[in-house]
Amino acid sequence: MKKIAYMIAALPLALFAKSASADISVSGSGSVAYTDAGGNTSTTMGGGVSFAMSTTTDGGVTISASSSTSNDDDSAGSSSAVTGVTNLSFGFANGSISVGQDIGVADGVGKVGELAHYNDNQTGITNSTGLGDDEGDGISASTSIGDMTLGVAYVYDGAGLGNVDGATTTSQSVSLSMPVGTGSLTVASASDDVAGVNMNEVGVAYTMAAAGGTLSLGFTGTDGDTAAKEGESMSAAFSTTLGGASVGIGYTGHDVNSTTAQQTDITISSSLGGGASIFAEYSNVSGTVAAETSALSNNTLAVGTSVSF
């Protein structure tokens, strides 16, 4: 503990011994969309301003952080937020280390076909693969090994309270990405512990050029203490350009807890120049899904425009 105290006491000297200089950039985005879920129509609007900051120490370590103001862009509630610096990243010659309050583990890698963004009013699939919790206060690191990239993450407090050694929600993951053939392969393993309830996930994704576009194939397998999440998911996506528009088609099939369900997404976007674009998306779920209501539908449609500044 004395060594830690000495290190903390020395930080001001190390940080302010001489005048500091840093690179600061500002960017922004905004969007508006009209959504229809079985006749329940609404508008959603969102966006924000982001500040990215970085500096380099005398030893060549690049330290970066970001902060933002935002408005949730994918639900009618559109919750606003102001985020201070919640993550510090330290970049080295062959990798980086991040410490923060928003560290996420590498789950969901295999669900490449989930493309829809504006489908909050969709009924939803009853049983699907996944973890119970996947982000919070923690640490992550990545490094290059030849032509491979290795990533590890550990969330020591999923509740975001900064409890290093006594939190009841933790999660961890390891992932490896590498070129295989004409494409890229990513394999990830993640697990969590939510108050003694444990889940494990293995995800695989392969992306390659095909038929004038990009084809992605994915697999997700989970097992553990939550029956509604135990099973397998197969996923695929294809994206291409047609007449200047970007078109994406995605499919994910779930075989979980002795039930099956499917999600199909279609997305279209076209650039207007100047960072602006128009978009449309359609999403459908079928199989074992939640019941439709006056507010929720198996089918959702959205059209809108977005801009980046």
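## Cores, rings and strands in a predicted model

The largest nonpolar core is made of seven residues: Ile103, Val105, Leu131, Ala153, Val155, Ala190 and Met199. The model is a predicted one, and this core is a handy place to start looking around. One of the core members, alanine 153, can be followed a little further through its contacts. With its neighbours within four places in sequence set aside, alanine 153 is in contact with Ile103, Gly104, Val105, Ile139, Ser140, Ser171, Gln172 and Ser173. Two names on that list, Ile103 and Val105, also belong to the core.

Now for the outside. A nonpolar patch sits on the surface, formed by Phe92, Ile97, Val99, Ile139 and Tyr154. Together these residues offer about 400 Å² of accessible area. Ile139 of the patch has already turned up as a contact of alanine 153. Tyrosine 154, another patch member, is placed in strand S8, which covers residues 148-157. Its relative accessible area is 35%, so tyrosine 154 counts as partly exposed.

Next come the aromatic rings. How many aromatic pairs does a search of the whole structure find? The search turns up two. In one of them, the ring centres of tyrosine 118 and phenylalanine 279 are 5.3 Å apart, and the planes meet at 10 degrees, so this pair is stacked. The cut-off behind that label is an angle under 30 degrees. Tyrosine 118 is in the loop between strand S6 (95-104) and strand S7 (135-145), while phenylalanine 279 is in strand S16 (residues 276-287), so the pair ties together parts that lie 161 residues apart in sequence. Are these two partners buried or exposed? Tyrosine 118 has 9% relative accessibility and so counts as buried. Phenylalanine 279, at 13% relative accessibility, counts as buried too.

The other pair brings tyrosine 154 back into the story, this time with tyrosine 156 as its partner. Here the rings are 6.5 Å apart from centre to centre, with 50 degrees between the planes, and the pair is tilted. The two partners fall into separate classes of exposure: tyrosine 154 is partly exposed at 35% relative accessible area, whereas tyrosine 156 is buried at 17%.

Both of these tyrosines also show up around threonine 170. That residue lies in strand S9, which spans residues 169-180. Threonine 170 has a relative accessible area of 15%, so it is buried. Leaving out neighbours within four places in sequence, the contacts of threonine 170 are Tyr154, Val155, Tyr156, Ser191, Asp192 and Asp193. Val155 on this list is a member of the largest nonpolar core as well.

Valine 194 is found in strand S10 (residues 183-194). With a relative accessible area of 28%, valine 194 is partly exposed. Once neighbours within four places in sequence are left aside, valine 194 is in contact with Gly132, Asp133, Thr168 and Thr169. From valine 194 to glycine 95, the gap is 99 residues in sequence and 30 Å in space, C-alpha to C-alpha.

Serine 98 belongs to strand S6 and is buried, with a relative accessible area of 11%. Its contacts, again without neighbours within four places in sequence, are Asn87, Leu88, Ser89, Ile103, Gly138, Ile139 and Ser140. Among them, Ile103 is part of the core and Ile139 is part of the surface patch. Serine 98 and glycine 243 are 145 residues apart in sequence, and their C-alpha atoms are 41 Å apart in space.

Finally, there are some backbone angles to look at. Most residues other than glycine have a negative phi. Alanine 211 is not a glycine, yet its phi is positive, at about 50 degrees. Where does alanine 211 lie? Its place is in the loop between strand S11 (197-210) and strand S12 (213-224). At 76% relative accessibility, alanine 211 counts as exposed. Serine 258 also has a positive phi, near 65 degrees. This serine is in the loop between strand S14 (245-256) and strand S15 (259-273), and serine 258 is exposed, with a relative accessible area of 78%.

Back in strand S11 lies alanine 209, which counts as exposed at 58% relative accessibility. Alanine 209 is 67 residues away from alanine 276 in sequence, and the two are 27 Å apart in space, C-alpha to C-alpha.

Methods: Residues are numbered from 1 along each chain as its sequence is written. This is a predicted model: local features need pLDDT of at least 70, side-chain atom pairs count only at pLDDT 80 or more; totals for chains, interfaces and linings use all residues. Side-chain values use heavy atoms; hydrogens and water are left out. Patches are made of residues with over 30% relative accessible area and no salt bridge: like charges are joined within 9 Å, nonpolar side chains (Val, Leu, Ile, Met, Phe, Trp, Tyr) within 5 Å. Accessible areas come from the Shrake-Rupley method with a 1.4 Å probe; for residues, only the protein chains shown count as cover. A salt bridge is a side-chain nitrogen of Lys or Arg within 4 Å of a carboxyl oxygen of Asp or Glu. Helices (H or I, at least four residues) and strands (E, at least two) are DSSP runs, numbered from the N terminus. Buried means under 20% relative accessible area, exposed over 50%, partly exposed in between (1.4 Å probe, protein chains only). Rings of Phe, Tyr and Trp (its six-membered ring) pair if their centres lie within 6.5 Å; planes under 30 degrees apart count as stacked, over 60 as edge-to-face and the rest as tilted. A nonpolar core is a set of buried Ala, Val, Leu, Ile, Met, Phe, Trp, Tyr and Cys residues joined through side-chain atoms within 4.5 Å. Contact means heavy atoms within 4.5 Å.
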